Structures are given as C-alpha cells and as structure tokens.
Amino acid sequence: MSYNYIELITLILLAIGCFFILSGSLGLIKLPDVFSRIHAAGLIDTLGSGFIVLALIIYSGFSLLSLKLLLIPIFLIFTSPVTGHSIALFAHESGYKPKGKNKN
Amino acid sequence: MAKPNKDSLKTLSFITYFIILFVFWFILSGYLKTLLLFFGVISVLFVFWMSYRAKALEEDSLPLKIILRLPFYWIWLFKEIFKSGITTTALIWNGKYSPQLITVKASQKNRTGIANYANAITLTPGTVTIEVDKKTFLVHALSKKLSEDLQTDDMNKVITDLDR
C-alpha cells in the first residue's frame, strides 16, 4: 500500500481545520453571552479557514491558483477583526454587561 | 546616505502602491498578452485615480517603512494566533472559561499603529477589543490566562517596533 504524501498532508491539515471549525461551532452554542461567542466565531475565522486554505494550497501545487487561494486569508485577516469589533462595540454601547464568573 | 525629503518619499510610496495594485490585478487575471496587460495598466490607473480622489493616499495610510518588516510580523502573528487558538479550543471543550474585562495601554504613535494593535488583539482568539479610547483599549478576554498573556505587553512592544 503506497500513500501519496501530498494527499496525506492535505488530509491531515483538512482534519485539523475541521476540528477547529467544530470547536468554534460548539463554542458558539455553549458559551454564555454575546462577547464570549465572538471569541468562538473568531476561532472559525482565523484557524479554521486558515488550515483549510493551507491544505488546498498544498493540494493544488504552487501555481497561480495557489496565489489566488492565498488572497482569501489575507482578506480575512483584515475583515474578520473589524466585524468582531463592531459587534462587540454595538453590544457594549447598547448596554449588555458581560457575564462574569460562571458556574465553573 | 542622503536624507530623503518628503516629496521623494511620497513618490516612492505612490510607485509601491501602483506595483501592489498591478500584482494584485495579475494574480486575479493571469493574462500575459500585451493588449490585455495594457488594459490592466489602464484599470490600475483608474483605481489609483479613484483612491487619490478619495484621499486614501495620505502618509498615514500608506506606511512605506513597515512594508519590509510586514512578512516577519505576519509570521509572528500566525504563531500567536495558533497558540491562543489552542488555549481557546481547550477552554471551549473543558468549560473552564471565566470571561473578564480588562484595560490595556497602547504605546503606538500614529493611528495606523493603534488600529493595527487593536486588530491584532481581536484577531487572536480569546481576546476581543471592545472599545478604543485614545490610548487605552477595553478588552474582553475569555479566561484569566489569556488576559495575563495580554498584560505582559509583548504584543504591544512588537507592534510599536513595527513603525519605529
């Protein structure tokens, strides 16, 4: 049985990315208030999409296509904090208090 | 080394912006024919004129000095994102989060640096900048460890060094 190394690496990176997206979605449901949920959404934005795009770049080989794929995380780096910040600011301005100590 | 005056610095930043835009156009299109490259130059010039008209080419918004340091900074930022991402994932799965609000001081001089620092805090999972006052940020952190990592001031120093 012979493995293709590139496919193996792609598979591992895709699995890691999917794991981060799963944890982010779980956190989106599980965490107590709006501020904490932004953290979970940020996890999906940065690490989840980052690992999946990295896997796709390695799978497609280094060509013009992989440069185009590289543009996706660059745009996410600039846009994702702005959305997170604007949601947090609006929640803060409209009077939401972040929940302090939880049960644990 | 001759001291660069303001005008030549501005011209240099214009040229850099033009090159960046043209590389962006080329990555998205991938054409190599002369006619299409010419059309590319025309569309890049159009975008250049638009952003000049919108006053997006001020000195503050096109910092030429940091462009060479930017790749190293991004590698460092990816490392930080990965580290705090692991911490946040562990917190989500084991449920030992204790959200808290802290204030962080920023020591950057210009507006670009402050925006950069606030974005870097938001980009690392587990910490979100809620409000930016002039030199202090209100930050929401998911656990005590994450807020203590932020208060060691490492990230602040790196970003201040970026536009020295």
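# Notebook: a predicted model of chains A and B

**Entry 1. Helix 3 of chain A against helix 4 of chain B.** I recorded that helix 3 of chain A and helix 4 of chain B are roughly perpendicular to each other. The model I am reading is a predicted one. For the axes of helix 3 (residues 64-93) of chain A and helix 4 of chain B, I noted a crossing at roughly 85° and an approach within 9 Å. An angle from 65 to 115 degrees counts as roughly perpendicular, and the pair is therefore classed in that way.

I then looked up which residues meet at this crossing. From helix 3 of chain A, I listed Ile77(A), Ser80(A), Pro81(A), Gly84(A) and His85(A). On the side of helix 4 of chain B, I listed Ala118(B), Asn119(B), Thr122(B) and Leu123(B). By class, the residues of this contact are four nonpolar, five polar and no charged.

**Entry 2. The side of chain B that touches chain A.** I next took the two chains as wholes. In contact with each other are 28 residues of chain B and 33 residues of chain A. On the chain B side, at least two residues each come from helix 1 (6-29), helix 3, helix 4 and strand 2. Which element of chain B gives the most to this side? I found that helix 3 of chain B does, with seven residues. I entered the composition of this side of chain B as 15 nonpolar, 11 polar and two charged residues.

**Entry 3. Helix 1 and helix 2 of chain A.** Within chain A, I looked up how the axes of helix 1 and helix 2 run. They come within 8 Å and cross at roughly 170°. Angles over 145 degrees count as roughly antiparallel, and helix 1 and helix 2 of chain A are therefore described as such. The residues of their contact comprise 19 nonpolar, six polar and one charged.

In helix 1 of chain A I picked out Ile16(A). I entered Ile16(A) as partly exposed because 17 other C-beta atoms lie within 10 Å. Ile16(A) and Asp33(A) are 17 residues apart along the chain, and I noted 27 Å between their C-alpha atoms.

**Entry 4. The largest nonpolar core.** I found 35 residues in the largest nonpolar core. The members that touch the most others are Ala120(B), Ile121(B), Val139(B) and Leu150(B). Among the elements that give two or more residues to this core are helix 1 (5-30) and helix 2 (34-60) of chain A. From chain B, I recorded helix 3 (70-94), helix 4 (111-123), strand 2 (127-132), strand 3 (136-141), helix 5 (144-151) and helix 6 (154-162). The largest share, nine residues, comes from helix 2 of chain A. As background, I noted that nonpolar side chains tend to be buried together in soluble globular proteins.

For Ala120(B), I left aside the neighbours within four places in sequence and found contacts with Leu77(B), Met155(B) and Ile159(B).

**Entry 5. Helix 6 of chain B.** I looked up which residues of helix 6 of chain B are buried, and found Met155(B), Asn156(B) and Ile159(B). Seen down the helix axis, the buried residues fall within an arc of 100°, so they line one face of helix 6 of chain B. On the face turned away from this buried side, I found the exposed residues Asp154(B), Lys157(B) and Asp161(B). The cover over the buried residues of helix 6 of chain B includes helix 3, helix 4 and helix 5 of chain B.

**Entry 6. Single residues of chain B.** I placed Leu146(B) in helix 5 of chain B. Is Leu146(B) buried or exposed? I entered Leu146(B) as buried because 24 other C-beta atoms lie within 10 Å, where 20 or more are needed. Not counting residues up to four places away in sequence, Leu146(B) touches Ser84(B), Thr87(B), Gly126(B), Thr127(B) and Ala141(B). Between the C-alpha atoms of Leu146(B) and Gln100(B), which are 46 residues apart in sequence, I noted 10.0 Å.

Asp153(B) lies in the loop between helix 5 and helix 6 of chain B. Its phi is near 75°, a positive value in a residue other than glycine. I counted Asp153(B) as exposed because it has 12 C-beta neighbours inside 10 Å.

Trp93(B), in helix 3 of chain B, is exposed, with 12 other C-beta atoms within 10 Å. I noted 53 Å between the C-alpha atoms of Trp93(B) and Ile42(B), which are 51 residues apart along the chain.

Technical notes. Residues numbered from 1 in each chain as written. Chains lettered and ligands numbered in written order. Predicted model: local features only at pLDDT ≥ 70, side-chain atom pairs only at ≥ 80, totals over all residues. Core = buried A, V, L, I, M, F, W, Y, C linked by C-beta atoms within 7 Å. Helix = DSSP H or I, 4+ residues; strand = E, 2+ residues; numbered from the N terminus. Contact = placed C-beta atoms within 7 Å. Axes fitted to C-alpha atoms, helices over the stretch in contact; angles between N-to-C directions. Parallel < 35°, antiparallel > 145°, perpendicular 65-115°, else oblique. Nonpolar A, V, L, I, M, F, W, Y, C, P; charged D, E, K, R; others polar. Arc of directions from axis to C-beta.
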